[in-house]
There are 2 protein chains.
Amino acid sequence: MSSTPAYAALKAKGKVNPFSIDRREPGPNDVQIDIEYCGVCHTDLHFVNNDWGMSEYPIVPGHEIVGRVSATGEKVEKYKQGDLAAIGCMVDSCGTCQSCQDGNEQYCLRGMTATYNSPSEDAGGVTFGGYSKCIVAHEDFILHVPESLEITGTAPLLCAGITTYSPLRNWQIGKGMKVGIIGLGGLGHMGVKFSHAMGAQTVMITNSESKAEDAKLLGADDVLIASDTGAMSKQLGEFDFLLNTIPVNHNIDSYLDLLKIDGTMCVVGAVEPLNHVNAAQLIFGRKSLAGSLIGGIQETQEMLNFCADHSIVSEVEVIRMEEINDAYERLVKSDVKYRFVIDMNSLS
Amino acid sequence: MSSTPAYAALKAKGKVNPFSIDRREPGPNDVQIDIEYCGVCHTDLHFVNNDWGMSEYPIVPGHEIVGRVSATGEKVEKYKQGDLAAIGCMVDSCGTCQSCQDGNEQYCLRGMTATYNSPSEDAGGVTFGGYSKCIVAHEDFILHVPESLEITGTAPLLCAGITTYSPLRNWQIGKGMKVGIIGLGGLGHMGVKFSHAMGAQTVMITNSESKAEDAKLLGADDVLIASDTGAMSKQLGEFDFLLNTIPVNHNIDSYLDLLKIDGTMCVVGAVEPLNHVNAAQLIFGRKSLAGSLIGGIQETQEMLNFCADHSIVSEVEVIRMEEINDAYERLVKSDVKYRFVIDMNSLS
């Protein structure tokens, strides 16, 4: 396999495991997956650009990984060669803390090992992700992919899917509830599909009138244009739950006003400080502002099974590996419906 | 009874009910209470100063009211003359909306009628509160006061008490939980007493080392000095619930770090915008930032009964009516342990 000059330089200094970019040799509990498709998450671009000041180059991004099992360690019992399998945002966690014991590996108190750019002795200093031909991870962090799922649209379920599914499940969304999904992008379009499939009255809340038709095709019962103060005022206090997928700092006042008494707005997009939260809105209605991060491994498997049962996959544009820079440029402009997925057979 | 010049002027114009400052005549479902003690809440001072731009002068503040029933309307069945009774922050609500039907009159969707400075046809334009000899309200908004409760310390239960009791009940605080009460003032000292009585491991979190001893006397198992970063870092991720009674905008980052996965911090003090909330802290731990307002009528009665069962009252300094301006000055400096209560017999 080819490697970047930076990687070659590190390799020459003995600083990295020469196998690490593509794969480590499978250990006794490891599963090796030949990657067929990998989704492109906005997080990938943040790491490529070192937006968060924590990138360790060389980086192999990608945490929406689907492929077929090509090798298994001697102790692996749950997977065999040829199985359709997936890896999401994590490849390891301590396994012993309360979060791990509760099946919330994403909140591992010692810090989960992310699929890429995460310090790990198993990799060359940091883990390498799914923009690759092959990946190896402990079987506990591998997911079964139901064969009925359309494979290209399955890749984004591993991040965009579980990030929206998990909070909807945690706050027990179902029939008789009114749910608003704020923002129609990679996360938002999955939120609409899941909320609809869970039986809730689902409203897409967006600033883009042009997205209204799409939102209804995705399963929204109604579309609310956030900039239309008249329309917003008609739905004050009507929502049991809001899933906020807007990826940047923004004023949440008008959204909190949409919540019922005891309602919750869960933020899954913006991982940055909100510079204005009106405590009075929380107090005068016992409302909650919450956050949620991906989901646990068992819950991710449940999500994939739910998708198979409800014929849900992500809406994707399949690209070749060499188109990734163009894809990143379009991603910045939100010019994708609704997730790029790389065909890994295009990686030479 | 005497009246202010402004009130006299309004009266001359026929704009106010001449009886409204002291009492209206009891209607068939009304209870009249001769007020013995009325607590002094910081909200009173905000209204006196028109800090929130919504004061309608003349104002009679006071919503922590305890006294004896002196008259009852012909249809009143739950109260009789001589009963020890109380009124808190509300004297009416629509009674028909979902919140009222759920027993959450404080969140009445049509707006509850506050005990003072709230528009009402029953009063002279706005309601008048407890800094008075007498008050009249519908029996549904009157509380029974168990005779075993020490009466001066009972008055603040009607606001400071229920404001802290209600969220602790709503988030089901009890044995096996670790609860932090942030801020030791009128609200905070009640939060410590309730959390302790509910069986939770209770930690007072304060910036004032001088309050540590008091906090333990009030029932805190431990005291955490918020400015001691070393001490704070030892309790990261340990709290199930935080009750934040700080009455002004402040940075909540260090408090959110104290919460466990899935933990909640409930704000009951600051009714103003928080100008910095780190969404990442909510996301990386599925934490919630919530708010809560006083409590419903049935819950307030439950709180009073709980206080009788657990011998809980507020710690108070009893003052005479003519000392109120000095008391307000001390209130601004947090120079009170922990609530002023006016002896209404001092009102000539």
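How many residues of chain A are in contact with chain B? In this predicted model, 32 residues of chain A are in contact with 32 residues of chain B. I shall start with that interface, then turn to the domains of chain A, and end with a group of strands in chain B.

Let me describe the side of chain A that touches chain B. The elements giving two or more residues to it are strand 14, strand 15 (273-274), strand 16 (277-278), helix 10 (279-283) and strand 17 (288-291) of chain A. By residue type, that side divides into 18 nonpolar, 11 polar and three charged residues.

The contact also includes pairing of strands across the two chains. Strand 15 of chain A pairs with strand 16 (residues 277-278) of chain B in the antiparallel sense, over two bridges. Within strand 16 of chain B, Val277(B) is the residue that stands opposite Leu274(A).

What of the relation between the copies? A turn of 180°, with a shift of 0.1 Å along the axis, lays chain A on chain B with an RMSD of 0.0 Å. That relation is the one given by a two-fold axis. The same surface serves both copies, in that 100% of the contact residues of chain A recur in chain B.

I now move inside chain A. The domain assignment gives domain 1 as 5-159 + 295-346 and domain 2 as 161-291. Their C-alpha centres lie 28 Å apart. To the contact between them, domain 1 of chain A brings 17 residues and domain 2 of chain A brings 13 residues. On the side of domain 1 that touches domain 2, helix 11 of chain A gives the most, with four residues. The residues of that side of domain 1 of chain A divide into seven nonpolar, seven polar and three charged.

The next element is helix 5 of chain A, residues 160-170. Why can helix 5 of chain A be called largely enclosed? Nine of its 11 residues are buried, so the rest of the structure largely encloses it. The buried residues run through Ala160(A), Gly161(A), Ile162(A), Thr163(A), Thr164(A), Tyr165(A), Ser166(A), Pro167(A) and Leu168(A). What covers them includes helix 6 (186-197), strand 13 (239-244), strand 14 (259-267), helix 11 (297-310) and strand 19 (339-343) of chain A. Helix 11 of chain A thus appears here as part of the cover, as well as on the side of domain 1 that touches domain 2. After helix 5 of chain A comes Gln172(A), whose phi is positive, near 50°.

Finally, I turn to chain B and its strand 11, residues 201-206. Five of the six residues of this strand are buried, so it too is largely enclosed by the rest of the structure. Which strands pair with strand 11 of chain B? One of them is strand 10 (residues 178-182) of chain B, which runs parallel to strand 11 and is joined to it by five bridges. In this pairing, Gly180(B) stands opposite Val203(B). Another is strand 12 (residues 222-225) of chain B, also paired in the parallel sense, over four bridges. There, Thr206(B) has Ile225(B) as its bridge partner.

The connections are as follows. From strand 11 of chain B, the chain crosses through helix 7 (residues 212-218) to strand 12, in a right-handed β-α-β crossover. Strand 10, helix 6 (residues 186-197) and strand 11 of chain B likewise make a right-handed β-α-β unit.

Conventions: Residues are numbered from 1 along each chain as its sequence is written. Chains are lettered from A and ligands numbered from 1 in the order in which they are written. This is a predicted model: local features need pLDDT of at least 70, side-chain atom pairs count only at pLDDT 80 or more; totals for chains, interfaces and linings use all residues. Copies are superposed by least squares on the C-alpha atoms of residues with pLDDT of at least 70 in both. Two residues are in contact if their C-beta atoms, placed from the backbone, lie within 7 Å. A residue is buried if 20 or more other C-beta atoms lie within 10 Å of its own, exposed if 12 or fewer, and partly exposed in between; C-beta atoms are placed from the backbone. Two strands pair if DSSP finds at least two bridges between them. A crossover is right-handed if, with the strands pointing away from the viewer, the path from the first strand over the helix to the second runs clockwise. Domain bounds come from an automatic or database domain assignment. Ala, Val, Leu, Ile, Met, Phe, Trp, Tyr, Cys and Pro count as nonpolar, Asp, Glu, Lys and Arg as charged, and the others, Gly among them, as polar.
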